[in-house]
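Let's take a friendly look at how two protein chains can meet. Keep the picture beside you as you read.

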Number of protein chains: 2
Amino acid sequence: MTSKKEIPYADLKRIFHEPNRLAIMTALAGAPKGCSFTDLRGTCALTDGNLSRHLKVLEEAKAVRIEKTFVGVKPRTTVTLTDDGRQPFMAYLKSLKEVLQAAVRAVQSGHKPATSQSG
Amino acid sequence: MTSKKEIPYADLKRIFHEPNRLAIMTALAGAPKGCSFTDLRGTCALTDGNLSRHLKVLEEAKAVRIEKTFVGVKPRTTVTLTDDGRQPFMAYLKSLKEVLQAAVRAVQSGHKPATSQSG
């Protein structure tokens, strides 16, 4: 057991840490009224299949809500970030920030000078 | 094709993005003379098996160098970040920072006020 401040690597919840899901969550976080499936697919540069697969994971975790409606005769799928999704996502971003800061500090502290060292 | 500035989700190289490997790379980045396997295992809170597995991935990518020596009769394994590992790790951290900033901006812009909205 250590008393030092722990860097929260364990908090990098896999559900949000996966790059495509991070992109999806970011797009949804900035769209309180939700995004259409089509817009989300374009914003995140994903195929239909990949977007569906990631949304399923997020929906099962209750992080997003998926609603199917009709605009005239055209079906529309709207994806919205839930409050249950926003809170853990914000917690994830906080942990990610700490982890990133620790890494940047480490890189800066461990950076070798340009001149070579003996030994 | 879009002209807007792309957020570099694709740059989140899986090799460094995995939380345990991110912890390992951070520990090594701050230790120019390397870390012993034992210290690294403690710092990153990993089992022997997990640490070995992640180090193998990093070694195959030439991101770390693993050296076995003897201190008296005791074997010691020292792991060092290579220059070939430091550069892409720094690039990864730069991309991670951009991705994080985009997510934080999105969360802030999309945050709903405490009072409920109609409609």
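## Where the two chains meet

Between chain A and chain B, the rule finds 0 salt bridges across the interface. Please keep in mind that this is a predicted model. The elements of chain A that each give two or more residues to the side touching chain B are helix 1 (14-17), helix 2 (19-29) and helix 5 (83-110). Which of them gives the most? Helix 5 of chain A does, with 16 residues on the side that touches chain B.

What kinds of residue make up this side of chain A? Sorted by class, there are 18 nonpolar, 8 polar and 7 charged residues. As for polar contacts between chain A and chain B, the count is 3 residue pairs, with both residues at pLDDT 80 or more.

## How much surface is buried

Together, chain A and chain B bury about 2900 Å² between them. Carbon and sulfur atoms account for 70% of that area. Which residues of chain A lose the most area to chain B? They are A:Tyr9, A:Pro19 and A:Leu100, which together make up 19% of what that side buries.

The contact draws 33 residues from chain A and 33 residues from chain B.

## Two copies and an axis

Now try turning one chain onto the other in your mind. A turn of 180°, with a shift of 0.0 Å along the axis, lays chain A on chain B with an RMSD of 0.0 Å. This is the relation of a two-fold axis. The same surface serves both copies, as 100% of the contact residues of chain A recur in chain B.

## Pairs of aromatic rings

A pair of aromatic rings is described by two things: the distance of the centres and the angle of the planes. Searching the whole structure gives 6 aromatic pairs over all chains. One of them joins A:Phe16 and A:Phe89 in an edge-to-face arrangement, with 5.4 Å from centre to centre and 75° between the planes. A:Phe16 belongs to helix 1 of chain A and A:Phe89 to helix 5 of chain A, so this pair ties together parts that are 73 residues apart in sequence.

## Salt bridges

Side chains of opposite charge can pair when their charged atoms come close. How many salt bridges does a search of the whole structure find? There are 8 over all chains.

Among them is the one where the side chains of A:Glu98 and A:Lys94 meet, at 3.6 Å from N to O. Both A:Glu98 and A:Lys94 lie in helix 5 of chain A, 4 residues apart, which is about one turn of the helix.

Key:
Residues are numbered from 1 along each chain as its sequence is written. Chains are lettered from A and ligands numbered from 1 in the order in which they are written. Side-chain values use heavy atoms; hydrogens and water are left out. Contact means heavy atoms within 4.5 Å. Buried area is the accessible area (1.4 Å probe) that two parts lose on being put together, summed over both. A salt bridge is a side-chain nitrogen of Lys or Arg within 4 Å of a carboxyl oxygen of Asp or Glu. A polar contact is a pair of N or O atoms within 3.5 Å; within protein, one must be able to donate a hydrogen and the other to accept it, and residues adjacent in sequence count only if both atoms are side-chain atoms. Ala, Val, Leu, Ile, Met, Phe, Trp, Tyr, Cys and Pro count as nonpolar, Asp, Glu, Lys and Arg as charged, and the others, Gly among them, as polar. Copies are superposed by least squares on the C-alpha atoms of residues with pLDDT of at least 70 in both. Rings of Phe, Tyr and Trp (its six-membered ring) pair if their centres lie within 6.5 Å; planes under 30 degrees apart count as stacked, over 60 as edge-to-face and the rest as tilted.
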